[in-house]
Amino acid sequence: MIKTQITIASQTVDCFLSDAQEYLYSLTSAADLLDKAAQSASDYLNSKAFKSLSGGDFQPRSYKEGNITYSLVPSWVII
C-alpha cells in the first residue's frame, strides 16, 4: 500500500493506493474534508441509508503504519 496526501479544494486528505490499484481514503480525513467530526463518518457507515446503498455488509479496511491504524474507505463511499 502506498500512502500519499492529495489536496482537494484547499484541504489535504490522506490517500492510499492499494496493491489492487484502488484508491482508498482515511475515514478521518474524509470526515475532515466534509467538515464533520470523525465519529460522524462512522455513524454514516452504520446508517440505514448507507447500508441500503452498500448492500449492508460494508466494513472499512484497516491499515497499520507504524503505531497508527487507519480505517480506509474507497472513493465511492465519500462521493
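1. **First hairpin.** β1 and β2 run antiparallel and are joined by seven bridges. Two strands count as paired if DSSP finds at least two bridges between them. Helices (H or I, at least four residues) and strands (E, at least two) are DSSP runs, numbered from the N terminus. Within this pair, Q5 has D14 of β2 as its bridge partner. The two strands form a hairpin with two residues between them.

2. **Basis of the note.** This is a predicted model, where local features need pLDDT of at least 70, side-chain atom pairs count only at pLDDT 80 or more, and totals for chains, interfaces and linings use all residues. Residues are numbered from 1 along each chain as its sequence is written, and side-chain values use heavy atoms, with hydrogens and water left out.

3. **A9, in the first turn.** A9 sits in the loop between β1 and β2. Its phi is positive, about 60°, although A9 is not a glycine. Most residues other than glycine have a negative phi. Is A9 buried or exposed? A9 counts as exposed because its relative accessibility is 76%. The cut-offs are these: buried is under 20% relative accessible area, exposed is over 50%, and partly exposed is in between (1.4 Å probe, protein chains only).

4. **Second hairpin.** Strand β2 (residues 11–17) pairs with strand β3 (residues 23–26) over three bridges, in the antiparallel sense. C15 stands opposite Y25 of β3. L17 stands opposite Y23, also in β3. Five residues lie between the strands of this hairpin. Q21 belongs to that loop between β2 and β3. Its phi is near 65°, again positive in a residue other than glycine. With a relative accessible area of 58%, Q21 is exposed.

5. **The rest of the sheet.** β3 also pairs with strand β5 (residues 68–74), antiparallel, through three bridges. Here Y25 stands opposite V73 of β5. Y25 thus has C15 across from it in β2 and V73 across from it in β5. What is the order of the strands in the sheet? The five strands form an open sheet in the order β1-β2-β3-β5-β4, with antiparallel pairing. β1 (2–8) and β4 (61–65) are the edge strands, each pairing on one side only. From one strand to the next, the twist averages 40°. For that angle, axes are lines fitted to C-alpha atoms, for helices over the stretch in contact, and angles run from 0 to 180 degrees between N-to-C directions. Strands of a sheet pair through backbone hydrogen bonds.

6. **Two buried serines.** S26 is in strand β3. S26 counts as buried because its relative accessibility is 4%. Leaving aside neighbours within four places in sequence, S26 is in contact (heavy atoms within 4.5 Å) with D14, F16, Y70, S71 and L72. S29 is in helix α1. S29 also counts as buried, at 10% relative accessibility. Outside its neighbours within four places in sequence, S29 is in contact with V13 and D14. D14 is therefore on the contact lists of S26 and S29.

7. **The largest pocket.** Its volume is about 200 Å³. The search used a 1 Å grid over the protein atoms alone: a cavity is a set of points where a 1.4 Å probe fits but cannot get out, while a pocket is an open set with protein on both sides within 12 Å along at least five of seven lines, and lining residues have an atom within 4 Å of a point. Grid points are joined across faces, edges and corners, and the volume is the space filled by probe spheres set on the points. The lining consists of L27, A30, A31, L34, K36, S40, A41, Y44, L45, V73, V77 and I78.

8. **What supplies the lining.** α1 (27–33), α2 (38–45) and α4 (75–78) each give at least two lining residues. Which helix gives the most? It is α2, with four residues. By class, ten lining residues are nonpolar, one is polar and one is charged. Ala, Val, Leu, Ile, Met, Phe, Trp, Tyr, Cys and Pro count as nonpolar, Asp, Glu, Lys and Arg as charged, and the others, Gly among them, as polar.

9. **L45, a lining residue.** L45 lies in helix α2 and is among the residues that line the largest pocket. L45 counts as buried because its relative accessibility is 8%. Apart from neighbours within four places in sequence, L45 is in contact with L27, F50, K51, F58, P60, V73 and V77.
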